[in-house]
Amino acid sequence: MKWTKTLIQTLRENPQDAEIDSHKLLVRASLVRKVAGGLYAYLPLGMRVLKKIQAVIRDEMDKTGALETSMPIMQPGELWRQTGRWETMGANMFKVKDRAERDMALSPTAEEETTDVVKGLVNSYRQLPLTVYQINWKFRDETRPRFGLMRSKEFLMKDAYSFDLDADGLDRNYWTMYHAYERIFARCGLKAVPVQADGGDMGDSLTHEFHVLADAGEDGIAFCGNCGYAANLEAAVGNGKEFSDCDSSIASCIEESKNLPTEVATPGAKTIAQVAAFMGLEANRFVKSLVYVYEGTGNLLRQGYGGRDGEQGTVLVCVPGDRDVNEVKLKHFLGAKTLALADNATVLAATGANAGFVGPVNPADANLRIVADVALKGATGRIVGANKDDCHLKNVDLARDAKIAESDYADITIVKAGDKCPHCGRELVIKRGIEVGQVFKLGTKYSAALGAVVKTDDLKERVMVMGCYGIGVSRTLQAIIEQSHDKDGIIWPASVAPYQVAIELLDPSVAEVAAVAEKLEAELEAAGIDVIVDDREERPGVKFKDADLIGFPVRVVVGAKGLANGGVEVKRRDEDKSRTRILPPADAAGAIKELLK
Ligand code: ATP
Ligand code: MG
């Protein structure tokens, strides 16, 4: 392929809205162009990479026996109503109406639709196990579309759905997909690590996310270097330790706890940092108290606090002063479908004070439910908000002074670096990750709601047991760049590079040079290698810069001077200039094939 026929237009300047390297390089290397916030046009180069990633995915999916399908991107709202997700997807789902005023959704995912189609095709258990997949565009009206293709409103997703008769079947399918994902990312030249993730509403379904570790990642992941525990911070469990006293100053805590709570004036000191500085104490001596409102799901499976469906609840949440609330864990604990910090009026009515001065001792609403982190169980000598503006209470013994039910102590904080691994007790480290894929045991959540059943031999009906498996194809493309680039540009793994070899034609008007380039291009293409020949009337420096920016794995320089000196120059993108090989033209194709292996 000749460069002048490819519509490649590299840019010198970074796009203004690009915060991370991969986003800058995507645009500068002419892979995509922004159309509007969160919406991108894939240019020919970008399309080539996207198609190669898809080919890897298709190949691995097909090898597992999964069957490729294609569901409509526009889906009837009615199906989403049947599973309750028309409401719970909220503003993330693009909702439209057809001319008959029927509700439609632009597919953010396709559990409902796929289950409904499979239900119509499968009626005997003998047709199971079955896995179907598709690769198509998905739409999500993200609160903060950003980082280019990483979080866009329209993105390419591979989604697969497995159907089984029982939990054992699902387990087999789950691990089949898990291992297929390992191979897919490896074949794309990507290091993606599986980490335990939050199992959604039920909280206890098995699920793993595949993460590409990168500072630009939006997710925090806790890792144990000893036993291999790896979990998204949303799901990472604390080690369940109950601190009876502050770690740092046990003696003074015990001493102070003999006294009764005493008010301390703390004017204007609202945050833990402010009040800790004001009192000259460490943050872990304080209790951070926040008022949340939530809506129950009626899900009693988790901790027995589902409440009635849709029931509103207000709760005071207490965690150690040096910790943050993990809202995902809290939501599961409460059996809540929505959870948010309460507004001023609610805080005031529940506690008698404004945010910053609320606490677990004698709130205005004597029946206010208090949920506390397990690390506060038995805590003494603490300082808490006094439920009175500009005031805190010291010498607080939570068991003595606050009304917290035994069953309302739970693991509800975000794990921090240095915390103990829940499995082996060694220290955890926290890294950032980009979620490129997820495997998820759904169970019967969708099949039950949509009546997807099969008949067994004794003609009994059994609800199919499902799993779902997603890969963000366009996000994967950008994650490869984020993981594999340097100051000059992208370094594509050969398997997904837009072209594997760039021939830099330095003197196109010299017949011998053009002939050598032509022959090499033909030889490489015959070997199944994608080649681009930079035939532009540009200075060598410009061509080399562009080749580095786009990141073709191998660069070959064909010029009059080089040929006079013995041959063509061959260099891998990930090698230093000093490694350049001068090869006789006849040997070049063979050597390049080796370099691409
Ligand atoms: P996130 O937590 O990043 O919002 P998710 O867990 O909601 O993603 P899934 O429903 O698991 O996403 O979708 C499957 C895959 O689709 C994700 O693993 C991710 O790679 C990709 N993906 C999800 N949302 C987006 C988006 N807005 N832009 C690009 N890719 C996305
Ligand atoms: Mg996910």
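Which residues do ring pairs link into a cluster? In this predicted model, select Y174, W175, Y178, Y181, F185 and F210, since these are the residues that ring pairs join into a cluster.

**Inside the cluster**

Keep F185 and F210 selected and turn the view until both ring planes can be judged, for a pair of aromatic rings is described by the distance of the centres and the angle of the planes. The rings of F185 and F210 form a tilted pair, with 5.8 Å from centre to centre and 35° between the planes. Colouring by secondary structure places F185 in helix 6 (residues 167-187) and F210 in strand 10 (residues 207-213), so the pair ties together parts that lie 25 residues apart in sequence. Both F185 and F210 are buried.

Now move to Y174, another member of the cluster, and add K441 to the selection: the charged end of K441 sits over the ring of Y174, 5.6 Å from its centre.

**A pair between two strands**

The structure holds nine aromatic pairs, and the next one to display is that of Y42 and W137, whose ring centres are 5.5 Å apart and whose planes meet at 50°, so that this pair is tilted. Y42 belongs to strand 2 (residues 39-42) and W137 to strand 7 (residues 130-139), and the pair thereby links distant parts of the chain, 95 residues apart. Are these two residues buried or partly exposed? Y42 has a relative accessible area of 18% and is buried, whereas W137, at 24% relative accessibility, counts as partly exposed.

A further stop is R48 with Y499, where the charged end of R48 sits over the ring of Y499, 4.0 Å from the ring centre.

**Around ligand 1**

Finally, centre the view on ligand 1 and show its surroundings, which comprise 14 residues, the closest being R140, E142, R151, S152 and E435. Three side chains are worth labelling here, each by its polar atom and an oxygen atom of ligand 1: for R151 the two lie 2.7 Å apart, for R475 the distance is 3.0 Å, and for Q438 it is 3.1 Å. With a surface switched on, bear in mind that ligand 1 taken alone exposes 580 Å², of which the protein buries 81%.

Which elements give two or more residues to this shell? They are strand 8 (154-164) and strand 21 (428-443), and strand 21 supplies the largest share, four residues. Colouring the shell by residue class shows five nonpolar, four polar and five charged residues.

Definitions and conventions. Residues are numbered from 1 along each chain as its sequence is written. Chains are lettered from A and ligands numbered from 1 in the order in which they are written. This is a predicted model: local features need pLDDT of at least 70, side-chain atom pairs count only at pLDDT 80 or more; totals for chains, interfaces and linings use all residues. Side-chain values use heavy atoms; hydrogens and water are left out. A residue is near a molecule or strand if one of its heavy atoms lies within 4 Å of it. A polar contact is a pair of N or O atoms within 3.5 Å; within protein, one must be able to donate a hydrogen and the other to accept it, and residues adjacent in sequence count only if both atoms are side-chain atoms. Accessible areas come from the Shrake-Rupley method with a 1.4 Å probe; for residues, only the protein chains shown count as cover. Ala, Val, Leu, Ile, Met, Phe, Trp, Tyr, Cys and Pro count as nonpolar, Asp, Glu, Lys and Arg as charged, and the others, Gly among them, as polar. Rings of Phe, Tyr and Trp (its six-membered ring) pair if their centres lie within 6.5 Å; planes under 30 degrees apart count as stacked, over 60 as edge-to-face and the rest as tilted. Buried means under 20% relative accessible area, exposed over 50%, partly exposed in between (1.4 Å probe, protein chains only). A charge sits over a ring if NZ of Lys or CZ of Arg is within 6 Å of the ring centre and within 35 degrees of the ring normal.
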